[in-house]
Structures are given as C-alpha cells and as structure tokens.
Amino acid sequence: MNDFALKGNILHTAKMGELEIFPDAYLICADGICQGVFYEPPGQYAGIPVTDYSGLLIIPGMTDLHIHAPQFACRGTGMNAELLDWLNTRVFPEEIRFADMDYAARAYQIFADQMRKSATTRAVIFGTTHRNATLLLADLMEASGLVSYIGKVNMDRNAPEDLLESSADAAASDTRAFIRDVINKRYARTKPILTPRFIPCCGDALLFQLSKIRQEFDLPVQSHLSENPAEVELVKTLEPDAEFYGDCYDKYGLFGGESGTIMAHCVYSSDAEIRRMKENGVRIAHCPNSNTNLSSGIAPIRKYIHLGLRVGLGSDVAGGQTESMFRAIADAVQASKIYWRYINHHDKPLTFAESFYLATKGGGSFFGNVGSFETGYEFDALVIDDSKLPCPRPLSLADRLERAVYLGLDQTSITAKYARGLKIL
C-alpha cells in the first residue's frame, strides 16, 4: 500500500470531550496506519502523494457498534409499536425472507451499497439465523471495503418457527460451519462474531452450546441487554434464577472477557448489572434513535461514562430509522439532555465533542487502535465538503463540524472515505 497524505482542516477527539483542530494541515498514512498530523510533512515523507482537500473537513471514520443488516428494508416502518410487538409484526416476518437466497442477495446488496456510501468505516452487524445468507452478507461487506464483524444470529424460542433453529445442537452446528466458512475465506476486513439474539429468544441449552463455541474459537459476542421494560420483565419470567438480565449471559461466559462483548442498549441496567459489566469489560452500544422510536427509554450514558464503562454508538437499524452515524451523534446529545432535565439533574448532558468521541474512538476501540488520527492508529478518514451550507459570516472549524453533523452532511457531502488506508469513495 502506497504512502500518501491528505491536506485539509483536520479534526478529531483523541481524548474524551476534547476536539483537536488542525487547520490547513497534513494527515499522513503509511501502509494503512496514521503517522500523525503535521503542518508540513516531515522529511521522511517529503515527496509522497498529497490529495489536496484544502478548505474541507477531514475527520475520523465512524464506528457503528450495533446494526441489523436484514432489517434495512424495514427502516422507518412500524414505529408505533414497542420492541416485542415490533419484532413480531415487522422484524421476524422480514428476517424469514432471508431463507430465499435471491431475496437475500437483493436486500444485502442494497445494505452493503448504502454502508459504503455512509460515514461508517467500521461496523458490528447482525445477520439472521440463515447460514448461507449471512455468509453472502460477509462477502458483500468484504467487497464494500468497510471493516466489520458479521454474526449469524442464534435463536431457538419465542419467535416464528420458520426463523427458529430446530435445536440447540443444530444451531451450534450451523454456527460452527459459518465461523469456519468465514475463516476459510481468509477475508482481509471481515470477521465472525458470536450472536445470541437476546435472552427471550435463547434458551439455556443454546447458550451452553454457544459458550463452548466461544471457547473453541475465542470469538467476541454481540447481543442485547435491558432495552425495554416489557423485555426486562419477560427475562425475569423466563430466567427466574438469574440475578439480573446480564447474569443470564454471564453464567455461560458470554458477558465480557478478553475477546470482547458488546451489549446494545442497557437502558434499564440495575446497579448490580452495571457493576458486572464494568468488572467483565462489557462494552455498551448506545442506540438513542432506536430507544426513542420503540418507546424504550433513555440510557444513562453520562453515568456509564463516569463509572468508566466503555461506550460507543449504534444506529440499530431498523429500530433506528437510519444508518447515519451523524444522526446517532446528534441523537445521543439530545437524549442526554432529556435525561438530565427530566430524570437526573446530576447527570450532565453529553457535549458534542463527547458524543463525537463515542462515534469514533469510543466505538472504534472495539477494533483496536481505531477512531483517531493519533500516530499508530489505523487510517480511517472522512472528507466532508460543507460548502453546500453557505453562511453569511465566517464560522470556526468546530462550528462547521458540529453544523455538518447536525444537518446530516454524511448523506450528501462525503467527498472521500478511507478505511484502514483503502480509499472507498
């Protein structure tokens, strides 16, 4: 991979809440790794190719910690329902269609094309229970240039029969086969992730099988946790011996660990659950758009940050109606303001810079050194042309970035996009 530099107005948050700004500077990439930001390229990089984006905004790529690829066709529909009803009336019927490979190919191509155009450079993605369709999704995401984790969903109860696996053993066999398929394809940018849908759809025998698979392959885990009041009550009924929702995962070794665990939502996590998440290193994917659409509630993100938990943002399509991580940044700030005003006056709202951090370095840390322009970080970058938003007076670079995010310029004004040093757009 050739070394190169981008020239423009460079902004990132190497530290939580601290927006660093480098006007008219050079961002240098060598072999897919950021070499730092300079006002003049240092001697060893003199003469490397420079793409001149003077006047434009150059920012880190976004990480979406939680998105459902098969739900992309459901975006913006059924939003009058709460979580469990919405799953039964909208999501499960849609996911059943992915048994048809022709349908899966059409749907996943639309998803992959849109993700390529989006501000997202890294994503952690749910598929369906269908092994072949999920492998097709992995093929398409690899071709998109994004870096991603793809999970074949596991579920064996409380859903339509056409979507459930026939047994815990059958689910484990299919999941092992999917993992081996992904490993054997030797993708450069796509990895498998263990994916129990959530406790209401996963019985103890299935979770036990998944725990063995995790030990065998040392995989990260993604699932849902304490999202909606009715869901939380259902888990208490299904698993009366569990200390709390997260304990259902933890007793099978699916709640933290060195290989990583992402739990989406965590709106209603108890103090005991929060302590366990911190002890185990569980990551939280905060999905404010989805939590609003499905009337789930507001996650106490300031509390989680204060306690030192690791937090990133997720679009949660199709609970969230858009894959836009710019929208996720703005929604996270707005949700935190409502939480502060009406729920807990001690939990100050997120600032824009803090939310921007969650969408870049916060979530990116799941992938390693990702989401910042610090030396040694993988080179994920977006170039945003905000000239389409005229203003009668000059704006600071910080104001230009905030305005670009709040006005959704990731939908119209991405001039260039790089993931791990590869130019995607």
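Is Arg180 buried, partly exposed or exposed? At 39% relative accessibility, Arg180 counts as partly exposed. Keep in mind that this is a predicted model.

Let me stay with that residue. Arg180 has a salt-bridge partner, Glu216. The closest N and O atoms of the two are 3.3 Å apart. This pair links distant parts of the chain: Arg180 sits in helix H4 and Glu216 in helix H5, 36 residues apart. Glu216 is partly exposed too, at 40% relative accessibility.

Now the wider count. How many salt bridges are there? The count comes to 24. I will pick out a few.

Next up, Arg157 and Glu239. Their side chains form a salt bridge, 3.2 Å from N to O. Here, too, distant parts of the chain are linked, with the two positions 82 residues apart in numbering. Arg157 is in the loop between strand E8 (153–154) and helix H4 (168–185). Glu239 is in the loop between helix H6 (229–238) and helix H7 (245–250). Buried or exposed? Both Arg157 and Glu239 are buried.

Then a pair within one helix. Arg327 and Asp331 both belong to helix H11, residues 325–342. They are four residues apart, about one turn of the helix. Their side chains meet in a salt bridge at 2.9 Å, N to O. The two ends differ in exposure. Arg327 counts as partly exposed because its relative accessibility is 35%. Asp331 counts as buried, at 8%.

One more on charges. Which residues are linked in a network of salt bridges? Arg122, Glu378, Asp380 and Arg420 are.

On to cysteines. How many disulfides does the structure hold? Zero. Take Cys34 as one case. Cys34 is in no disulfide, and the nearest cysteine sulfur, in Cys29, is 7.6 Å away. Cys34 is also buried, with a relative accessible area of 0%.

Cys202 is another case. Why no bond there? The closest cysteine sulfur, in Cys201, is 6.5 Å from the sulfur of Cys202, so it is too far for a bond. The cut-off for a disulfide is 2.5 Å between the sulfur atoms.

Where is Cys202? Look in the loop between strand E10 (195–196) and helix H5 (204–217). Cys202 is buried, and its relative accessible area is 0%. What does Cys202 touch, leaving out residues up to four places away in sequence? The contacts are Asn154, Met155, Asp156, Arg157, Pro196, Arg197 and Leu207. Notice Arg157 among them. That is the arginine bridged to Glu239. One distance for orientation: Cys202 and Pro240 are 15 Å apart, C-alpha to C-alpha, and 38 residues apart in sequence.

Last stop, a pair of strands. Strand E2 covers residues 18–30, and strand E3 covers residues 33–38. How do E2 and E3 run, parallel or antiparallel? They run antiparallel, joined by five bridges. Across the pairing, Leu27 stands opposite Val37 in E3. E2 and E3 form a hairpin, with two residues between them. Asp31 is in the turn and has a positive phi of about 55 degrees.

A quick recap. The Arg180 and Glu216 bridge joins helix H4 to helix H5. The Arg157 and Glu239 bridge has both partners buried. There are zero disulfides. Thanks, that is my slot.

Notes: Residues are numbered from 1 along each chain as its sequence is written. This is a predicted model: local features need pLDDT of at least 70, side-chain atom pairs count only at pLDDT 80 or more; totals for chains, interfaces and linings use all residues. Side-chain values use heavy atoms; hydrogens and water are left out. Buried means under 20% relative accessible area, exposed over 50%, partly exposed in between (1.4 Å probe, protein chains only). Contact means heavy atoms within 4.5 Å. A salt bridge is a side-chain nitrogen of Lys or Arg within 4 Å of a carboxyl oxygen of Asp or Glu. Two strands pair if DSSP finds at least two bridges between them.
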